Amino acid sequence: MYCVRKIQDDLYWVGGSDRRLNLFESVYPIPRGVSYNAYLLLDEKTVLLDTVDRAVAGQLFENLRHLLAGRSLDYVIVNHMEPDHAATLGDVLLRYPEARVVATAKAAAMIGQFFDAALEEKVIKVKEGDTLDTGAHKLTFAMAPMVHWPEVMMTFDTATGTLFSADAFGTFGAIEGSIFADECGFDMDEARRYYTNIVGKYGTQVMAALRKASKLDIKAICPLHGPVWRKDFAKFIEKYIRWATYEPEENGVLIAYTSVYGDTENAASILAARLAEAGVTKVRMYDASITHPSYIVAEAFRYSHLVIATTTYNAGIFVNMENLLHDIAAHNLQNRTVALIENGTWAATAAGKAKEILGGLKDIRFLDGTVSIKSSVKEQQNEQLSALAAAIADSMPKPAPADHSAKVENNAMFSLSYGLFILTAREGEKDNGCIINTVTQITDTPKRISIAVNKQNYTHDMIHNTGVFNVSVLSTRAPMEIFRHFGFQSGRNVDKFEGVDETRSDNGLRYVPWCANAYISGKVIQEIDMGTHTVFIADVTQAVSLNSDPSCTYAYYFANIKPKPQPKLEEKPKKGYVCKICGYVYEGDELPADFVCPLCKHGPEDFERIG
Ligand code: FEO
């Protein structure tokens, strides 16, 4: 019997889930199963977006027969040729021989490899920016090589803002009724394990795809595994940016150990205890002989520090640890601090081997003070473990110092430019934020800044009532979704921080660490009424540099982030004025002098005539 879910008016999920498979790709445990997503668009033309794994082929065919209800299948779009999605392509084409396949040239060659070479002739080969008109929908294709294979592309439906993202934004786990991420209690730990193990190696290519995606007006994301996203993309995109750039999500320690007779485990436990006493409480310990490497690889992407504690074995390194370290190296982990503990009853070699395997990775910093144990921990190693714990604690990024002058880092202040910022405030229990472009340092001693805020913004009233605010200085990593999320909707109507990780500065207000290179806290000392705006002059109470990414200038936003207008084919160009900030179009001969953009609240000076 068919089992489909409606995604939009004429778009359906027609995939299936496998809860019997033990190992996805014969490697990764999937205790909660996995879904193989395919989507059917019922427009004037009918379009199947990807097929499914053989395990759920029967379900796909039942679903297609039901929804097509006698109609022909016009197109099969193949975004990804890996057999967990394309294994049933041949059978689909046997059942629907009139269907044409739409895929990249690389995918076409793979179709010839996986199936009868004659099937390659059914392929309409597409490249970046090509479109397929299906009636009410226009599908645009964007190449996404190595996310996760070289032939991968994504498909964007310009009519509905739906991105068919291939493996990107997927996760392990079967569909359990709810098809939308906002309904099903999305498990970010499994999403991390999926991302890091499946595409973790290809951070550069993932970032290239994210940059492309950031220029699209995305309203929904339909991945090939896991639930569909229709809102709150910001938190998932933030995770993707961190994973793809190998930025730790959290300052904390992953301790991975192997222990044949318990003595190396004893050393790992002592270190963990000393870390806790030193104030490092985010510590996760895994026995690498017991825990599948995919879980530990995911934790290695999560935390800033790795401790490898292992035994000498066959004049090398214990086999399960060797496998784990090669797995971490194969996934290209970068930018981590690593400490080593080795054990060897007569000739310890494990730490050296671990260094060899991890040392080739980019920006890996080994801490001095490797602890070498002969058989079991003695008083001398006990002291060395305490010293290693202290060294790890010392290397953790420090919170801002208490003294006021030392809190203000010049680097953070230098990050200010004619740029773009997220302004955040808090009143009562409500947090809110908006985009502004008017942050200026006005004095150095004492450090003072001014901000100008439109009176229509909810954040304006919160600052007026509370006298405190934070400014997060956006960097060039900021995707369009961030601007849309904080800039094009009002905090009066939505909770912009719903489901977003808690990050607060000393004044208790939110700041937005992803896509920002610094944050600055201000305490208002003066308000100047400027008509449409209020200028708040504030003492800087905290200024923290987060990273060295370039600030996002206005010029950068326009050149690289803001989507370019894409006039729909056969649609008469509109006449009027377009807002240069957010793209809102005012239709009319004359823009009223007091007009305010209903989306981003900018005035006539930011509009230009069109048509
Ligand atoms: Fe889900 Fe790369 O296949």
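This is a short talk on two sheets and two nonpolar cores in one structure.

Okay, hi everyone. Before anything else, keep in mind that this is a predicted model.

Let's start with the five-stranded sheet. Reading across, the order is S12-S13-S14-S15-S16, the sheet is open, and the pairing is mixed. Who sits at the edges? That would be S12, residues 131-133, and S16, residues 220-222; each has a single partner strand, so one side of each has no neighbour in the sheet. From one strand to the next, the twist averages 20 degrees.

Now let's walk across it. S12 and S13 run antiparallel and are joined by three bridges. One pair to click on is Asp133, whose bridge partner in S13 is Lys138. These two strands make a hairpin with four residues between them, and there Gly135 takes a positive phi near 125 degrees.

Stay on S13 for a second, residues 138-143. Is that strand mostly covered or mostly open? Covered: five of its six residues are buried. On to S14, residues 153-157, which pairs with S13 in the antiparallel sense over five bridges. If you want a landmark there, Ala142 stands opposite Met154 in S14.

At the far end, the sense of pairing is parallel: S15, residues 162-164, pairs with S16 over three bridges. Leu163 has Ile221 in S16 as its bridge partner.

Right, second sheet. This one has three strands in the order S31-S30-S32, again open, with antiparallel pairing. S31, at 585-587, and S32, at 607-610, are the edge strands; each has a single partner, so one side of each is left without a neighbour in the sheet. The twist here averages 30 degrees from one strand to the next. Between S30, residues 576-579, and S31 there are three bridges, with the strands running antiparallel. Have a look at Tyr577, which stands opposite Tyr586 in S31.

Last topic, the cores. The largest nonpolar core has 92 residues, and Leu48, Leu474 and Phe483 have the most contacts inside it. Which helix gives the most to this core? H7, residues 233-244, with seven residues.

Let me zoom in on Leu48. If you ignore its neighbours within four places in sequence, Leu48 is in contact with a whole list of residues, including Val14, Leu60, Leu64, Tyr75, Ile77 and Val92.

And there's a second, separate core, of 27 residues, with Phe301, Leu324, Ile328 and Val338 among them.

That's it from me, happy to rotate anything on screen.

Terms used: Residues numbered from 1 in each chain as written. Predicted model: local features only at pLDDT ≥ 70, side-chain atom pairs only at ≥ 80, totals over all residues. Heavy atoms only, no water. Pairing = 2+ DSSP bridges. Axes fitted to C-alpha atoms, helices over the stretch in contact; angles between N-to-C directions. Core = buried A, V, L, I, M, F, W, Y, C linked by side-chain atoms within 4.5 Å. Buried < 20%, exposed > 50% of the residue type's maximum accessible area, 1.4 Å probe, protein only. Contact = heavy atoms within 4.5 Å.
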